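Please look over the complex shown here, with attention to how its chains meet and how confident the predictor is in them.

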Amino acid sequence: MTFLDVIQIFDSTIRLATPLLLACLAGLFSERSGVFDIGLEGKMLVSAFFSAAVAAVTGSVWIGLAAGIAASMAFSLIHGIASITFRGDQLISGVAINFLAAGMTVLIAQDWFQQGSRTPALTGAARFSPIDLPGVEALSGVPLLGPLYAQALSGHTILVYVGLLMVPATWYILFRTRFGLRLRAVGENPGAVDTAGISVARLRFSAVLICGFLCGLAGSYLATGLAAGFTQDMTAGRGFIALAALIFAKWRPWYALGSCLLFGFLQAVSNRYSTLDLGIVEIPNAFVLALPYILTVVILAGFVGRAVPPRAGGEPYVKER
Amino acid sequence: MQKLPRWADIVLIPAINLVLALLVSGVVVTFIGQDPLDALAIMVNGAVGSTYGWGYTLYYATNFVFTGLAVAVAFHAKLFNIGGEGQAQLGSLGVALVCLALPWPHWALALPVAVAGGALFGAAWAAVPAYLQAKRGSHIVITTIMFNFIASALLVYLLVDTLKAPGMAPETARFPEGARLPTARDLLALVGVPFSRTPLNVSFLVALLSCWLVWLMLWRTRLGYEIRAFGQSEPAARYAGISPVRITMIAMLISGALAGLMAVNAVMGEQERLIQDNVLGAGFVGIAVALMGRSHPVGVLLAAILFGALYQGGAELEFETSVPREMVVVIQALVILFTGALDGMIRSPLERAFLRYNRKPVAHAAAE
């Protein structure tokens, strides 16, 4: 394994971790407010489709991004209405949202483009283009660090950096603002929040909508940054890996960055090597791909570093009469 | 207090939900430029208009009965088993190993062993999440989702490595001739009834038997009573001396075994070899089927046939029009949404309506 390999794996780790990170932070907002969301996958998928489709039609990736976010937030609203307003089962609602996205995207793609459930390939302004970070030139002379900075950290699309910046932003919103305090409180003890005269439903709706917004970014990045267009089921379980990363991160923003980078790294490695030869043992590709899920089960089992979910998670709030 | 009469709970509400789901689907079909009534006619005709349609409808329904019962049994213990997909994949491995292990002389010998193999592997795959839920409090929904992905990775690994038959495709060798299940065409030919060539096979009878056995277990045995009591109220069940660990384990093992049985129909009955995507989402359809069927075996059977008809009708729709078969996935999503998540939207107004309607005669009686 050469230094170039390392740089390339590092580079693709960041690219593959970005959609996971955005979706993971999306889930963080929703679940911290007490609304479980297993529909991250569906929201990403619907956003991936609409951002690619609208970008293909209008030729502008920014309009595409807006459309993707709008579609994802519309799905969030369905989840909110089902699980907050009508106090339905949040998990079942999430399952429904995943199927709705899987079916609708293919249906509409076929109707709009007739290209077998995909959008036309995006080119030029319909895709996000890589941007160079400042200081690439200045650091280019430095050995090791220079190429690492220039090729792995710099030269990604804007959504990658937005994703990375969302980590401190999420931390700040959740732990340093009044809104964040209330949002966390409503996920632990909604009764207390209600007693303080704050609307539980409004707080949860705003959390769910933020979740939709971030899933929209994640999906849009998939279709216009990572790939050049929408293909059927292109999220390929990323929404569930993000969910796994969220549990692995114990519902905390900085840990989420770590777990998403780890899971992104695993994807990058399995994309690059069909079997991983560690000298003593050969690790099959399938095992590397399954590792995020296995790690999550281990964490959930609580044998190492127990993950405790928000206490009121999954339960609709019923005002006492 | 019973807020709704029984018939409203088990017939009216599912019917309203289904109509709502179909109405929204109709809007979607209109939106993509097709006449919804035409589409419905094509689907109904394709699903039940011929013995060919019926054969496929009931073949799909057989899969959905197994996965639907799996979800339903877990629901009775208030557990949401979303891992039917993975359990069915492991079941397919169990069935395939049984079929490939011996040069079976006759299907009647192979079938019971394959049933045992599928059930055992499916149950084993449910055992770990069940244990973690019972003993460690790990959320069963998340663990079963994770196990779905682990199952598919495991199958991918086995099919490109250990179990792969010579050739390009990642699949096992074909099962021996003696492990081939008789189809409905073969069986009906014995009594002189002509039937189209479809994958509908003797597993359908296994599915019917399973429905009856699940009903018997849930409502006629002590175990079933304990499962239902536990699902209704864990503290009450605990107070009555019912062990939560034991019930969680048993309910999930039965659930996993039922999901695993699906492979008898799909793998042994149709594909006759183990391939990678052998479940094709049937594990998730089970959720819709159990919700629609109100977790009762009879309801599950009827809902499974309905979904079987939808799947077969959807295939015909794709064949005859430009509407892709994913239309069925949309309908399925809407059924899950309306019957599962938005249940309160229909139920509360209906309860209020029934309460108002029922109060009047009582007031009259009191006045007289």
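The briefing below covers conventions and confidence, and then the interface.

This is a predicted model, in which local features need pLDDT of at least 70 and side-chain atom pairs count only at pLDDT 80 or more, while totals for chains, interfaces and linings use all residues. Residues are numbered from 1 along each chain as its sequence is written, chains are lettered from A and ligands numbered from 1 in the order in which they are written, and side-chain values use heavy atoms, with hydrogens and water left out.

**Confidence**
- The predictor gives the complex an ipTM of 0.89 and a pTM of 0.89.
- Chain B averages a pLDDT (the predictor's confidence in each residue, from 0 to 100) of 89, and 97% of its residues score at least 70.
- Among the elements of chain B (helices being DSSP runs of H or I with at least four residues, and strands runs of E with at least two, numbered from the N terminus), mean pLDDT is lowest, at 73, in helix α15 (residues 343-367) and highest, at 96, in helix α8 (residues 203-220).

**Interface between chain A and chain B**
- The contact (heavy atoms within 4.5 Å) takes 39 residues from chain A and 40 residues from chain B.
- The two chains bury about 3,400 Å² between them (accessible area, 1.4 Å probe, lost on being put together and summed over both), with 85% of it on carbon and sulfur atoms.
- I92(A), F99(A) and L107(A) supply 19% of the area that chain A buries against chain B, more than any other three residues.
- Between chain A and chain B there are zero salt bridges (a side-chain nitrogen of Lys or Arg within 4 Å of a carboxyl oxygen of Asp or Glu).
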